[in-house]
Amino acid sequence: MDGVLEHVWVALAGFGAGLLTSTVGVASLLSFPVLLAVGLPPVVANVSNTVGLVPAGAGGAVGYRRELAVHPRLTARVIVLSALGGLGGAALLLALPSSVFEAVVPWLILGTCVLVAAQPRISAALRARHGPEERAPRLRLSAPTTVFVVLTGVYGGYFGAGAGVMMIAVLALGLDVDLGVIAGIRTTSLMASNIVAGLVFTVVADVDWAVVAVLALSSVGGGYLGARIARRLPASVLRAAVLVAGVVAAVTLLA
């Protein structure tokens, strides 16, 4: 990455990705296309993006510290499962040829865009599925929910764009927990997935450390700010921006 302008674009993408990490949960849909635009190969861009956005999750975890203290044992379990999944996702990325990644990523991005567009209806359906009957709240992970938490962690380690939306859907379906708490668990658990995958990448993969440094410095503030405003900020504008960025990135990679 050469040139002041490219550094500025990456810094802005990092800050925006930090915001999305703690709000909508699709940070890579913003930062990944920017890294491609400044000339990084797809796999190098993905690896550098994963490592560089770890501080965004840390900033989000600080912002969500009150929510994370509500169910500490549940939070710890989801974090551990996501970390294990992230290890599997990193191994998958490194084991498969780069051509597979380049072929799959556009469709992952488009699929994530569908999830983002459908997020309001998904949330409404999740709220409507609970009837008026009284029963003990579900505060433990069932076996199916555990499996899907791990699979979401795998996706987070492999690519990750939209993993936050997926994790919210999985946890909201499987638990009776406030969505604000779920958002905090989502942000922290996917940070764990990124940390584990990032450790693997730093040892065996090609990482652009200049990009990592710019993303890390710019994303931590965005992650913290996103967590602070997530309860009040209308998601419609962010969702529209993410959809545009995702479609443009997917079309660019398919061209």
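**A loop residue, a helical chain and its empty spaces**

Leu 141 is found in the loop between helix 7 and helix 8. The model described here is predicted. At 13% relative accessibility, Leu 141 counts as buried, because the cut-off for buried is under 20%. Several residues from elsewhere in the sequence touch Leu 141. They are Leu 74, Arg 77, Val 78, Leu 81, Thr 146, Leu 171 and Leu 175, with residues up to four places away in sequence left out of the list. One of these partners, Leu 175, sits 34 residues from Leu 141 along the chain. The C-alpha atoms of Leu 141 and Leu 175 are separated by 7.1 Å.

Leu 141 also helps to line a pocket. This is the second largest pocket, with a volume of about 220 Å³. Its lining is made up of His 71, Arg 73, Leu 74, Arg 77, Leu 139, Arg 140 and Leu 141. By class, the lining holds three nonpolar residues, one polar residue and three charged residues. Leu 74 and Arg 77 appear in this lining, and both also touch Leu 141.

The loop between helix 7 and helix 8 takes part in a salt bridge as well. Side chains of opposite charge can pair when their charged atoms come close. The structure holds one salt bridge. In this bridge the side chains of Asp 176 and Arg 138 meet, at 3.0 Å from N to O. Arg 138 lies in the loop between helix 7 (98-128) and helix 8 (143-158), while Asp 176 lies in the loop between helix 9 and helix 10. The two residues are 38 apart, and the pair links distant parts of the chain. How accessible is Asp 176? Asp 176 has a relative accessible area of 23%, so it is partly exposed. Arg 138 has a relative accessible area of 24%, so it too is partly exposed.

The overall fold comes next. The secondary structure comes to twelve helices and zero strands. Read along the sequence, the pattern is α-α-α-α-α-α-α-α-α-α-α-α. The radius of gyration of the chain is 17 Å. The globule rule gives 18 Å for 255 residues, which is close, so the chain is as compact as a globular protein of that length. The C-alpha trace spans about 60 × 35 × 35 Å along its principal axes. Of the 255 residues, 50% count as buried. Contacts in the chain with a separation of 6 or more were also sorted by separation. Residues 24 or more positions apart account for 84% of them.

Helix 3 shows burial at the level of one element. Ten of its eleven residues are buried, so helix 3 is largely enclosed by the rest of the structure. The buried residues are Pro 42, Val 44, Ala 45, Asn 46, Val 47, Ser 48, Asn 49, Thr 50, Val 51 and Gly 52. Asn 46 lies in this helix, which covers residues 42-52. Is Asn 46 buried or exposed? At 0% relative accessibility, Asn 46 counts as buried. Which residues does Asn 46 touch, not counting residues up to four places away in sequence? Asn 46 touches Phe 32, Leu 93, Phe 101, Tyr 158 and Phe 159.

Helix 4 offers another case. Ala 58 has its place in helix 4. At 32% relative accessibility, Ala 58 counts as partly exposed. Its C-alpha atom is separated by 7.3 Å from that of Gly 223. Along the chain, Ala 58 and Gly 223 are 165 residues apart.

Enclosed space was examined last. Rolling a probe the size of a water molecule over the atoms shows where empty space is left. The count comes to two cavities of 30 Å³ or more. About 230 Å³ of space lies in the largest cavity. Of the 20 residues that line the largest cavity, Thr 21, Ala 27, Gly 160, Leu 190 and Asn 194 are the closest to its centre. Helix 3, helix 4 (54-63), helix 9 (163-174) and helix 10 (179-204) are the elements that give two or more residues to this lining. Which element gives the most to the lining of the largest cavity? Helix 10 does, with five residues. By class, the lining of the largest cavity has eight nonpolar, eleven polar and one charged residues.

Definitions and conventions: Residues are numbered from 1 along each chain as its sequence is written. This is a predicted model: local features need pLDDT of at least 70, side-chain atom pairs count only at pLDDT 80 or more; totals for chains, interfaces and linings use all residues. Side-chain values use heavy atoms; hydrogens and water are left out. On a 1 Å grid over the protein atoms alone, a cavity is a set of points where a 1.4 Å probe fits but cannot get out, and a pocket is an open set with protein on both sides within 12 Å along at least five of seven lines; lining residues have an atom within 4 Å of a point. Grid points are joined across faces, edges and corners, and a volume is the space filled by probe spheres set on the points. Ala, Val, Leu, Ile, Met, Phe, Trp, Tyr, Cys and Pro count as nonpolar, Asp, Glu, Lys and Arg as charged, and the others, Gly among them, as polar. Helices (H or I, at least four residues) and strands (E, at least two) are DSSP runs, numbered from the N terminus. Buried means under 20% relative accessible area, exposed over 50%, partly exposed in between (1.4 Å probe, protein chains only). Contact means heavy atoms within 4.5 Å. A salt bridge is a side-chain nitrogen of Lys or Arg within 4 Å of a carboxyl oxygen of Asp or Glu. The radius of gyration is taken over C-alpha atoms; the globule rule is 2.2 Å times the number of residues to the power 0.38.
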